[in-house]
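Open the model in your viewer and keep the sequence panel in sight. The tour goes from one selection to the next and says what is found at each stop.

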Amino acid sequence: MRNLSLLLPYLRRYRGLIALGMFIAAVSTGFSTIPPYLLGMAVDQLRGGGFQVSLLLRYSLLIVAATLADGALKFGMRQLVGRSAYFIEYDLRNDLFRQLLRLDQNFYSANHTGDLMTRATNDLSAVRQMLGPGINSIVTATLTFIIVAVLMLQIDVQLGLITLLLLPTISATFVIVGKRMRQRFRHVQDQFGRISTRAQENFSGIRTIKAYAQEEAEMHTFNAANREYQRLNLRYVLLAGLVWPLMTLLLSLTVAIVLLVGGQAVAEGRFTLGEFVRFNSYLALLTWPMIALGWTVTLIQQGSASMGRISDVLKHKPAVQSTLSAPTRPAIQGEIELRNVGVRYGETWVLHNISFQVPRGSSVAIVGSTGAGKTTLVNLLGRVLDPTEGQVCIDGVDVRDWPLDQLRSQIGFVPQDTFLFSVPLRDNVTFGRPDASQDEIDEALLVSQLINDVPQFPQGIDTLLGERGVTLSGGQKQRTAIARAVLRDPSILVLDDSMSSVDTHTAAEILKNLKRVMRDRTSIVIAQRIATVKDADRIFVLHHGEIVEQGTHAELVQHNGRYAAMYRRELLRAELEENES
Ligand SMILES: Nc1ncnc2c1ncn2[C@@H]1O[C@H](COP(=O)(O)OP(=O)(O)O)[C@@H](O)[C@H]1O
Ligand SMILES: [Mg+2]
């Protein structure tokens, strides 16, 4: 039920529609009690010897009229409530998507894409099912129960009480069985999330799977997961299938008892045969609501389990949050300072005691082997994560005191693994700057050295990329990502190993261009190859999370330490490659 309270704000938004729906439901329920009443009257008149065809015809027509009115009103009510359910589903889906966009990388490493997709699809529709059909039948059932209860008690208090005490056992049975059903349904949904994740990863990684001839092995793992899904579903279906027969049994027991007690009462003359017929019609009228109520319990159990899974996401607090009180500051100039920064993932420290200052307008390079902590270091600038200890300052202000969107909009970040959307190349480049002019785009393409590749694509810059378009080479992808970042005209530009697939000559060209456009701003380049970064104003050598050397290229070569050794190895490799070709 706590899960459901999260729906209140959404329900409140459409309370007008829902209230109108309920009002109509009440009127329609009133109409539905008319036919039994007419039937009872007809029977009594027949017994009184007043047989007339015209009279029977009149009763029949009235019954049809009442049923028509009831049906029309119920239709109206379903429309109203059903619509609100779709409106709420729409709102929830948007809120979920907005929240998913807000959440940080830690969340995404802890939650698989397939599982999140399940929440955004299956779980959302379970919630809608609960709200639409669920509310419909709960309202109709409750109203019918109340009105019919009064009418039954009017006929005979004893028989009425017996019936009204017996009927709720059906609902009670449902509540008990339903609790188990909800647990099992949650297991089913969780497993479905795991299956989706598995399938999604297989499709994305299909090339790797084929290259390693792992189709059979993957099929085997998938089969196991699929079988588990089947097992959990069967467990669920077992309970769900038990519910209906159980209910029919309880209902016919009730009918039998009513016949026993009521028949005796008629014989004793406590009420007429017509009234007994009326009573039985009322009982029949209650049958469907009682069944519906049971079904609704299931819908609500599922809906609330699903709402729980959705609200897990909605309530998740992003690890990095913008300081609410952060005042808007003047544009970022680009001076960076790290003071005794340390970062720990779990128990392992990956950066220790890092302090350095980068004056505005300079270019900095970071070199170091894989796992040295380079990515972690630059992630601190745009607050992809916050340091465990120490302080990161931009223009002398702690990054945590900058408004998050201002901070990020001024830092151009080209990540290690570039991501391009399946949209035209142009839209990939203008991502984040949809208003960019053609001149600005051309300039960005020139800086990133993509300009000469563009004419080779079938529709030039408007060529569609991705699954239904052309596939770029690794180097082209990286240069597109660089163009994207350059177009944003950032105060600080970070290239995280974003030229690994670009040849040395082009990489040097790109850096030369960057030096020109980033003249008054700060750029940080992480690279594997020293050749690409040796013109940087300052080079940091990162090793096991510590800065072990720093200086200009000449100084570091002179120093003859780790950097000089790396450089020598690189020269040797280049020489060998040259000899080979
Ligand atoms: N999200 C994370 N959770 C736990 N450990 C991480 C995470 N990201 C990186 N690491 C670890 O931190 C170390 C530094 O990683 P990283 O900054 O990516 O290095 P580099 O970019 O120099 O290759 C590595 O040992 C890596 O395994
Ligand atoms: Mg890295």
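Angles between helix axes are sorted into classes: under 35 degrees counts as roughly parallel, over 145 as roughly antiparallel, 65 to 115 as roughly perpendicular, and the rest as oblique. Keep in mind that this is a predicted model.

**Stop 1: two helices**

Select helix α5, residues 53-102, and helix α11, residues 273-314. Their axes come within 9 Å and cross at roughly 40°. The pair α5 and α11 is therefore classed as oblique. To see where they touch, show the side chains of Leu92, Asp95, Leu96, Gln99 and Leu100 on α5, and those of Ile310, Val313 and Leu314 on α11. Sorted by class, this contact has six nonpolar residues, one polar and one charged.

**Stop 2: the two domains**

Now colour residues 2-314 as domain 1 and residues 336-580 as domain 2. How many Å separate the centres of domain 1 and domain 2? Taken over C-alpha atoms, the separation is 56 Å.

**Stop 3: the sheet of four strands**

Strands of a sheet pair through backbone hydrogen bonds, either parallel or antiparallel. The next sheet to find is open, has four strands in the order β2-β1-β4-β5, and its pairing is antiparallel. Select β2 (348-358) and β5 (397-398), which stand at the edges. Each has a single partner strand, so one side of each is left without a neighbour in the sheet.

Add β1, residues 336-345, which pairs with β2 over seven bridges in the antiparallel sense. Two places along this pair are useful to label. Valine 343 has leucine 351 of β2 opposite it, and glutamate 337 has glutamine 357 of β2 opposite it. β1 and β2 form a hairpin with two residues between the strands, and in this hairpin glycine 346 takes a positive phi near 60°.

Then select β4, residues 389-394, which runs antiparallel to β1 and is joined to it by five bridges. Here glycine 342 has glutamate 389 of β4 as its bridge partner.

**Stop 4: the ligand**

Select ligand 1 and show what surrounds it. The shell consists of Ser109, Tyr345, Val350, Gly368, Thr370, Gly371, Ala372, Gly373, Lys374, Thr375 and Thr376. Which helix gives the largest share of this shell? Helix α12, residues 374-379, does, with three residues. By class, the shell around ligand 1 has seven polar residues, three nonpolar and one charged.

**Stop 5: the sheet of six strands**

The last selection is an open sheet of six strands, in the order β6-β7-β8-β3-β9-β10, with mixed pairing. Its edge strands are β6 (411-414) and β10 (546-551), and each pairs on one side only. Neighbouring strands in this sheet are turned by 15° against each other on average, with direction ignored.

Zoom in on β9, residues 538-543, which pairs with β10 in the antiparallel sense over five bridges. Which residue of β10 is the bridge partner of isoleucine 539? The partner is glycine 551. Phenylalanine 540 is bridged to glutamine 550 of β10. β9 and β10 form a hairpin with two residues between them. Label histidine 544 in the turn, where phi is positive at about 50°.

Definitions and conventions. Residues numbered from 1 in each chain as written. Chains lettered and ligands numbered in written order. Predicted model: local features only at pLDDT ≥ 70, side-chain atom pairs only at ≥ 80, totals over all residues. Pairing = 2+ DSSP bridges. Axes fitted to C-alpha atoms, helices over the stretch in contact; angles between N-to-C directions. Domains from an automatic or database assignment. Near = placed C-beta within 6 Å. Nonpolar A, V, L, I, M, F, W, Y, C, P; charged D, E, K, R; others polar. Contact = placed C-beta atoms within 7 Å.
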